[in-house]
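Biologist: Can you walk me through the ring contacts and strand pairings here, and tell me how each label is earned?

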Amino acid sequence: MILAAVIAVILNAAAQSAVQRFTSAMAGKCVTFPYSFSVNAKVAVKGSGEVKVQDNAFVTSYGNVEIYCDGETRWTVDSESHEVIIEQVDAGSGVAASVDPALIISEMDKHFRIVSSSRVQDGGRVLEKVSFSPLDGTLGMAAMTVWFSTASSPAVVKASIKMKEGTVTDFSIPSMSFSQKLPLSAFRFDMKKTDSSWVVTDLR
């Protein structure tokens, strides 16, 4: 019993260290990375894109779709169909968990608690695998697992999100770059890019 308790404390400390190391690197920075994802649902979905995250603001793209968010407003833009949906950011909607990389990258310590941690081998790398559970039910998520690099440069390498209804989305992140913060305008869609051929749905 005592040994098990000691091991649990050590593993939790390692997990806290991995999270704190990454969130410290994030502080005051803008993080940019490519990613690929696969959704394990009734209809399997795969794709790839790029993300730029800064605090709770982000820009992400996959295919013809771009999502801009300045932390208060979210613009979902389909350049092929000429559509824009504008929404107020609502952390309680349950939608944010699947489209908001800030939850995984810059705000994991605000929305999740650590459940377990272990060192794992992955393609010749040693990663810190940390399992999380949401602090409340508003995100619509059941669990999240994040694999952190143990190399000198902190990074998230992989992530897996399980929603309450059972859908699992796996993310692979081959690289990350850290740069100086950008103005919030960089995370807002420029409506001047639209014309009369676009359909704009404002749900705010």
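**Rings and hairpins**

Modeller: Going by the ring rule, there are eight aromatic pairs. Rings of Phe, Tyr and Trp (its six-membered ring) pair if their centres lie within 6.5 Å; planes under 30 degrees apart are stacked, over 60 edge-to-face, the rest tilted. This is a predicted model: local features need pLDDT of at least 70 and side-chain atom pairs 80 or more, while totals for chains, interfaces and linings use all residues. Residues are numbered from 1 along each chain as its sequence is written, and side-chain values use heavy atoms, with hydrogens and water left out.

Biologist: Why is the pair of Y68 and F189 called tilted?

Modeller: Their centres are 5.5 Å apart with 50 degrees between the planes; that's within 6.5 Å and neither under 30 nor over 60, so tilted it is. Y68 sits in strand β4 and F189 in the loop between β12 and β13, 121 residues apart. Both Y68 and F189 are buried, meaning under 20% relative accessible area with a 1.4 Å probe, protein chains only.

Biologist: What makes K158 count as sitting over the ring of W147?

Modeller: The charged end of K158 is 4.7 Å from the ring centre. The rule wants NZ of Lys or CZ of Arg within 6 Å of the centre and within 35 degrees of the ring normal, so K158 qualifies.

Biologist: Why are β3 and β4 said to pair?

Modeller: Strands are DSSP E runs of at least two residues, numbered from the N terminus, and two pair if DSSP finds at least two bridges between them. β3 and β4 have five, antiparallel, so they pair. One of the bridges joins V59 to Y68.

Conventions:
Helix = DSSP H or I, 4+ residues; strand = E, 2+ residues; numbered from the N terminus. Buried < 20%, exposed > 50% of the residue type's maximum accessible area, 1.4 Å probe, protein only.
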